[in-house]
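Trainee: I have a new model open on my screen, and I would love to go through it with you. Could we take it step by step?

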Amino acid sequence: MRVIRKIKDFLNGQTGVLILFWTLLAWSGYKAFKTDLHLKYYPQYSIAKCTGIEYQNSNTFMNYYFYVNGEKYKSSYYLGDNYRALEIGGYYRVKYSSKDPRISKLNKNIRITDTLFIKEAGFNLK
């Protein structure tokens with residue numbers, strides 16, 4: 001009970017709030033830096049298929065997936081207000097990290113229509 005009370009007192013004070021704020025800010029900066037670092041120094045490219053639009057609060061995301069060595073990776077791309085920028089079911093170029101393919105970024109400006117490239121990327125076309 002004493003420990004919980006001390007934690008509550010700490011978080012109720014300005015110091016606790018500031019430490020919590022700076023910790024969260026540092027963590028989000030680290031995540032963004034890690035993504036940029038991986039995509040800059042370990043880039044690989046493939047083809048991703050857009051599967052649907054997802055709304056989170058006031059943000060719009062396009063969900064997509066791609067294959068690396070036969071393993072499927074899912075991710076999402078922030079669309080913002082430009083929610084018609086990508087076609088659901090369309091194929092686009094994706095940049096991912098060779099060290100950690102879970103880190104990826106969809107390139108909405110490069111649409112892939114060549115069925116040979118799409119099949120080579122691991123997709124089955126019907």
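Mentor: Happily! Keep in mind that this is a predicted model. Let's begin with its surface.

Trainee: What share of the exposed area of the protein chain do carbon and sulfur atoms supply?

Mentor: The protein chain exposes about 9,600 Å². The part of this area that comes from carbon and sulfur atoms is 53%.

Trainee: And what percentage of the residues in the protein chain is buried?

Mentor: A residue counts as buried when its relative accessible area is under 20%. The protein chain has 126 residues. Those that are buried make up 28%.

Trainee: Which pattern do the helices and strands follow along the sequence?

Mentor: The protein chain holds three helices and five strands. Read along the sequence, they give the pattern α-α-β-β-β-β-β-α.

Trainee: In what order do the five strands lie in the open sheet?

Mentor: The pairing in this sheet is antiparallel. The edge strands, each pairing on one side only, are strand S3 (71–78) and S5. On average, neighbouring strands of this sheet are turned by 40° against each other, direction ignored. The order of the open sheet is S3-S2-S1-S4-S5.

Trainee: Let me look at one pair of strands. How many residues lie between S4 and S5 in their hairpin?

Mentor: S4 and S5 pair in the antiparallel sense over six bridges. Across this pairing, valine 94 stands opposite leucine 106 in S5, and tyrosine 92 stands opposite arginine 111 in S5. Between the two strands of the hairpin, the number of residues is six.

Trainee: Serine 98 caught my eye. Is serine 98 buried or exposed, or partly exposed?

Mentor: Serine 98 sits in the loop between strand S4 (91–97) and strand S5 (104–112). Leaving out residues up to four places away in sequence, serine 98 touches Tyr42 and Gln44. The relative accessible area of serine 98 is 41%, so this residue is partly exposed.

Trainee: What distance separates the C-alpha atoms of serine 98 and histidine 38?

Mentor: Along the chain, serine 98 and histidine 38 are 60 residues apart. In space, their C-alpha atoms are separated by 8.0 Å.

Trainee: Now for another serine. Is serine 46 buried or exposed?

Mentor: Serine 46 lies in strand S1 (residues 43–56). Not counting residues up to four places away in sequence, serine 46 has contacts that include Tyr67, Tyr92, Val94 and Ala121. Its relative accessible area is 13%, and because the cut-off is 20%, serine 46 is buried.

Trainee: Let's turn to the interior. Which strand gives the largest share of the largest nonpolar core?

Mentor: The largest nonpolar core has 14 residues, and those with the most contacts inside it are Cys50, Tyr64, Phe66, Leu86 and Leu106. Two or more residues come from each of S1, strand S2 (59–68), S3 and S4. The largest share, four residues, comes from S2.

Trainee: How many residues are in the second, separate core?

Mentor: This second core includes Tyr65, Tyr91, Ile112 and Phe123. Its number of residues is seven.

Trainee: Why would such side chains be found together?

Mentor: In soluble globular proteins, nonpolar side chains tend to be buried together. Here, Cys50 is one of the residues with the most contacts inside the largest core. Among the residues that cysteine 50 touches are Met62, Tyr64, Leu86, Ile88 and Leu106.

Trainee: I also see many rings. What kind of aromatic pair do phenylalanine 61 and tyrosine 78 form?

Mentor: A search of the whole structure finds eight aromatic pairs. In this one, the rings lie 5.6 Å apart centre to centre, with 65° between the planes. Because an angle over 60 degrees sets the class, the pair is edge-to-face.

Trainee: Which parts does that pair tie together?

Mentor: Phenylalanine 61 is buried, with a relative accessible area of 16%, whereas tyrosine 78 is partly exposed at 47%. The two residues are 17 residues apart in sequence. The pair ties together strand S2 and strand S3.

Trainee: And what kind of aromatic pair do tyrosine 64 and phenylalanine 66 form?

Mentor: Tyrosine 64 is buried, with a relative accessible area of 1%, and phenylalanine 66 is buried at 0%. Ring pairs link Tyr64, Phe66, Tyr73 and Tyr96 into a cluster. For tyrosine 64 and phenylalanine 66, the centres are 6.3 Å apart and the planes make 25°, and the pair is stacked.

Methods
Residues are numbered from 1 along each chain as its sequence is written. This is a predicted model: local features need pLDDT of at least 70, side-chain atom pairs count only at pLDDT 80 or more; totals for chains, interfaces and linings use all residues. Side-chain values use heavy atoms; hydrogens and water are left out. Buried means under 20% relative accessible area, exposed over 50%, partly exposed in between (1.4 Å probe, protein chains only). Accessible areas come from the Shrake-Rupley method with a 1.4 Å probe; for residues, only the protein chains shown count as cover. Contact means heavy atoms within 4.5 Å. Two strands pair if DSSP finds at least two bridges between them. Axes are lines fitted to C-alpha atoms, for helices over the stretch in contact, and angles run from 0 to 180 degrees between N-to-C directions. A nonpolar core is a set of buried Ala, Val, Leu, Ile, Met, Phe, Trp, Tyr and Cys residues joined through side-chain atoms within 4.5 Å. Rings of Phe, Tyr and Trp (its six-membered ring) pair if their centres lie within 6.5 Å; planes under 30 degrees apart count as stacked, over 60 as edge-to-face and the rest as tilted.
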